[in-house]
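Me: I would like to go through this model one feature at a time. Please reason briefly and finish each reply on the item asked for.

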Amino acid sequence: MRLRLTALLALALLTPALHAETAIVLNSVDESVSFIDTRSYQETGRAPACKEPHHLMAMPDDSAVIVACAVSNELVFFDPHTGREQKRIKNISDPYQLGFSPDKTWFVANSLRLDRVDLYRASDFSLIARIPAEKTPSHMAFDKASQVVFITLQDSNEVLAIDLKTRQPAWKHPVGPTPAGIHMTPDDRYLLVGIMGADYVEVIDWRARRTIKRITTAKGAHNFLPRGDGRHVFVSNRTIKGSISLVDMQTLSLVESYDVPGGPDDMEIRADGKELWATARFARKVQVVNLEQKKISHSIRVGRSPHGVSFINHAPRQ
Amino acid sequence: MITFLTDLFVATQGWLFDRLVQPVLFALGLASYVEMGFEGIEFVLIGILELAIAYSIMRPLEALWPAERWNGRKAVRVDVLYTLLNRLGIIPLAVFALLAPAFMALDGWLRFHDMIPRQLEDWLPGLDTHPLLSFVIYLLILDFAEYWRHRLSHTFRWWWALHGIHHSQRQMSFWTDSRNHLLDDLIAGVWFAGLSLLIGVPPGHFIGLLVTLRLVENLSHTNTRLSFGRLGDYLIVGPRYHRWHHALDLPPGKRYRHGCNFAILFPFWDAIFGTLHLEQQLPPTGIHEDSAEALAARDDFWLQQRLGLVLLWRALNARRRSGAL
């Protein structure tokens, strides 16, 4: 009996540790999620998700990974430890890109196809406001005070600011062709915008509503992920040849770049800062970059059009 | 082996995209369409694969066990052209370009006013996590809809004016499947895509559903004596079954006045709706052309397109005069 209890206890202690090493990858075209053992770099399983899932994000407290299902109008929640589906929230109309305000008051869903931004109360996902946002609202960022959400408008080449107090559009600012990812610098001063139709990151002083700089990275500048040190941010340059650039957010300059073929898109970084994972949209792979050696250490086969990667053992989002 | 083939497919897709599509999109300021362009290449590659499968299986069937022997295959050439336009994505792309903005505007308006169309999964929630079952159910629904689209295209005079082009081929082969008037293709596209959107066909299923239907349609038009046997002909549409649909002379009986065997995939639709006709004999195919212009158009793409529009115009005028359908 004692032996059995000991064994059960050992298993209980061991299980979370094992599960904590699971990466969840969203395969947009296959409409599934892949589970990857982050130690063996092998896909261990795959589960159906929903209709046309685009983007995933972790809950701010890492209690779940949320998948946005554009065509089936729902959010699917997965346990980040086990990969098991937790729940579905229906009638979230056409969610494409998701975000929580820093104060966790707002949950924002962009509807890229339908030119709209929806504001939900984050505590219960109830719809508060629906704001027209032409054309093709893509990615989002918030100011530190959670008063403004900034949205890139991919087809009208603008950044839209929405005042979260009034729930009304506040202003628009013209940027380069086909803006995609957007990121707020840790000092809350500048917005960085990935200019996918060109080869640079546009730096906007958002209070002055003025573009102050262009940081050349590579063609297809697309998405951002902070390194976790409060100073640097990765930029994925999404083309077939592909690369990821590291930008210094204090000096607003390029530090270095890594070759990451296959259309690197969404990224995730290990807590120890040694590995960067990126979904390669056009290669059906997740590319793992060893940041010490500055090159790809593993290419992991997943489903079609991988469009999001998340694991719980990640670096701080700053 | 599967991994190797998948890698080869993905590498080819990437290479074509990198060399042909991506530079053009960036040059034209259309980076927003990068994902669509990449998936478009996949659509074309799948079309080429489909053609390769059809040719390598169905052409030998036509050579070894033909339903009828021909002196030459010149009459088939125009059908090859239709097939290339269709399978290489040119016609589907045109249909998509015409339809997508309208569908998007309607969908956007509905959802902006909190009208989210109910989808199949709202009634059968389990389908969310059972993709294979979901695929089969959507296949059944779409096949049912295709049965009625097909039957109606034989029933309404104006529609038959267009669809008759498909039936005018007297040397029916696996290439004949794509021989359709462009306007008929457009109507079929609206029908198929409209229903798919309405019932919420998962985009991930879409190509699989399309390929399944298209391969069976290729096979059913094949000029071969092959059949699936007495039982099999009731289970899936095959060459013998579909040959009666293309018969030069329809079977006798009032219920066959507009035709028989309209099913695309599953014959039970014909059985249920009283249009099934099974016979061991293999009839000659085609329609009785009664005009010089129809005879001239038999093997000519542009004349067929023109003829379809002329006949459509006449049918609509006749309808207006008589006040009938």
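Me: In β23(A), which residue stands opposite Ser245(A)?
Reply: The model is predicted. Strands β22 (residues 243–248) and β23 (residues 253–259) of chain A run antiparallel and are joined by 6 bridges. Across this pair, the residue of β23(A) that stands opposite Ser245(A) is Ser257(A).

Me: Which residue in the turn between β22(A) and β23(A) has a positive phi?
Reply: β22(A) and β23(A) form a hairpin, with 4 residues between them. In that turn a positive phi of about 55 degrees is found at Leu252(A).

Me: Which strands stand at the edges of the open sheet β8-β9-β10-β11 of chain A?
Reply: This sheet has 4 strands with antiparallel pairing, and the twist from one strand to the next averages 20 degrees. An edge strand has a single partner, so one of its sides is left without a neighbour in the sheet. That applies to β8 (97–100) and β11 (126–132) of chain A.

Me: What is the bridge partner of Asn110(A) in β10(A)?
Reply: Strand β9 (residues 106–111) of chain A runs antiparallel to strand β10 (residues 116–121) of chain A, and 6 bridges join them. In β10(A), the partner of Asn110(A) is Val117(A).

Me: Which are the edge strands of the sheet β4-β5-β6-β7 of chain A?
Reply: The 4 strands form an open sheet with antiparallel pairing. Neighbouring strands are turned against each other by 20 degrees on average, direction ignored. Pairing on one side only marks the edge strands, β4 (53–58) and β7 (85–90) of chain A.

Me: Which residue of β5(A) is the bridge partner of Leu56(A)?
Reply: β4(A) is joined by 4 bridges to strand β5 (residues 65–69) of chain A, and the two run antiparallel. The partner of Leu56(A) in β5(A) is Val67(A).

Me: How far apart are the end C-alpha atoms of α4(B), and what span should its 23 residues have?
Reply: At 1.5 Å a residue, the 23 residues of α4(B) should span 33 Å. The distance between the end C-alpha atoms agrees with this, at 33 Å.

Me: Where in α4(B) does a kink lie?
Reply: The proline Pro101(B) comes shortly after the kink, which is about 35 degrees. Beyond the helix, just after α4(B), Asp114(B) takes a positive phi of about 60 degrees. The kink itself lies at Leu99(B).

Me: Which helix gives the most to the side of chain B that touches chain A?
Reply: The contact takes 25 residues from chain B and 31 residues from chain A. On the chain B side, α1 (2–27), α4 (90–112) and α9 (203–220) each supply at least two residues. With 6 residues, the one that gives the most is α1(B).

Me: How many residues of the side of chain B that touches chain A are nonpolar?
Reply: This side also has 9 polar and 5 charged residues. The nonpolar residues number 11.

Me: How many nonpolar residues has the side of domain 1 of chain B that touches domain 2 of chain B?
Reply: Chain B is divided into domain 1 (1–64) and domain 2 (74–322), and their centres, taken over C-alpha atoms, are 24 Å apart. Their contact takes 12 residues from domain 1 of chain B and 15 residues from domain 2 of chain B. By class, the domain 1 side has 2 polar and 2 charged residues, and its nonpolar residues number 8.

Technical notes:
Residues numbered from 1 in each chain as written. Chains lettered and ligands numbered in written order. Predicted model: local features only at pLDDT ≥ 70, side-chain atom pairs only at ≥ 80, totals over all residues. Domains from an automatic or database assignment. Contact = placed C-beta atoms within 7 Å. Nonpolar A, V, L, I, M, F, W, Y, C, P; charged D, E, K, R; others polar. Pairing = 2+ DSSP bridges. Axes fitted to C-alpha atoms, helices over the stretch in contact; angles between N-to-C directions. Expected span 1.5 Å × (residues − 1). Bend = angle between axes of the 7 residues up to and from the residue.
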